[in-house]
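Trainee: I should like to go through the reasoning behind some of the terms applied to this model. May I put my questions to you one at a time?

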Amino acid sequence: MPEHTFRLNGEQVTVDVDDDERLLWVLRDVLGVTGPKYGCGINVCKACTSHLNGRAVNPCAVPVGDLRPTDEVTTIEGLPATVGAELHPMQQAWIDRDVAQCGYCQPGQIMAAVALVRRVAEEGREITDADLDGLRNICRCGTYVRIREAIRAGAARM
């Protein structure tokens, strides 16, 4: 099998898997990183949302063969290190707003929110309701009101 090298949460990793193996399975089954959750496996529910070079992606849709050695994959486990803290401000906002019920979708929700806030900041503007409406991460428990509140609170601290 071919080897694939990329950066994961700040560290270089190499895996020996087929080119078409999805990144989600590499993370979970090969590397033991379980923050990105398997929900649908077809890029719809977004429970696996992580960052690839700072942008939100769904590892269930990314073949590991598409990654380069310089690509940086960040999962919920590595998110605090991006700000040099025990918790990322968005994670703290989730706790402060008591967002989680079952919690299954929360890593993907948080990762999508952080990517959105960063993108909006790069554009030099404030987050809008339309931006929040554009997030498509599914929450089976329906905590969307608290999710939106937490994103706004987290954005204020980022």
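Mentor: The discussion below takes up helix packing and then internal space in this predicted model.

Trainee: Why are α2 and α3 called oblique to each other?

Mentor: Helix α2 (residues 89-96) and helix α3 (residues 106-122) pack at an angle of about 125 degrees, their axes being 10 Å apart. Angles of 65 to 115 degrees count as roughly perpendicular and those over 145 as roughly antiparallel, the rest here being oblique; α2 and α3 are therefore oblique. Their crossing is right-handed.

Trainee: What makes up the contact between α2 and α3?

Mentor: From α2 come Met90, Gln91 and Trp94, which meet Gln106, Gln109, Ile110, Ala113, Val114 and Val117 of α3. By class, this contact has six nonpolar, three polar and no charged residues.

Trainee: Why is α2 also described as oblique to α5?

Mentor: The angle between α2 and helix α5 (residues 144-157) is about 140 degrees, with the axes 8 Å apart. Roughly antiparallel requires an angle over 145 degrees, so α2 is oblique to α5. This crossing, too, is right-handed. Among the residues of α2 that meet α5 are Pro89, Met90 and Trp94. The contact divides into nine nonpolar, two polar and two charged residues.

Trainee: How many cavities of 30 Å³ or more does the structure hold, and what lines the largest?

Mentor: The structure holds one such cavity, and the volume of the largest is about 30 Å³. Its lining includes Leu24, Lys37, Tyr38, Cys40, Cys45, Cys48 and Cys60. By class, the lining has seven nonpolar, two polar and one charged residue.

How values were computed
Residues are numbered from 1 along each chain as its sequence is written. This is a predicted model: local features need pLDDT of at least 70, side-chain atom pairs count only at pLDDT 80 or more; totals for chains, interfaces and linings use all residues. Side-chain values use heavy atoms; hydrogens and water are left out. Axes are lines fitted to C-alpha atoms, for helices over the stretch in contact, and angles run from 0 to 180 degrees between N-to-C directions. Helices (H or I, at least four residues) and strands (E, at least two) are DSSP runs, numbered from the N terminus. Angles under 35 degrees count as roughly parallel, over 145 as roughly antiparallel, 65 to 115 as roughly perpendicular and the rest as oblique. A crossing is left-handed if the near helix is turned anticlockwise from the far one by less than a right angle, and right-handed if clockwise. Contact means heavy atoms within 4.5 Å. Ala, Val, Leu, Ile, Met, Phe, Trp, Tyr, Cys and Pro count as nonpolar, Asp, Glu, Lys and Arg as charged, and the others, Gly among them, as polar. On a 1 Å grid over the protein atoms alone, a cavity is a set of points where a 1.4 Å probe fits but cannot get out, and a pocket is an open set with protein on both sides within 12 Å along at least five of seven lines; lining residues have an atom within 4 Å of a point. Grid points are joined across faces, edges and corners, and a volume is the space filled by probe spheres set on the points.
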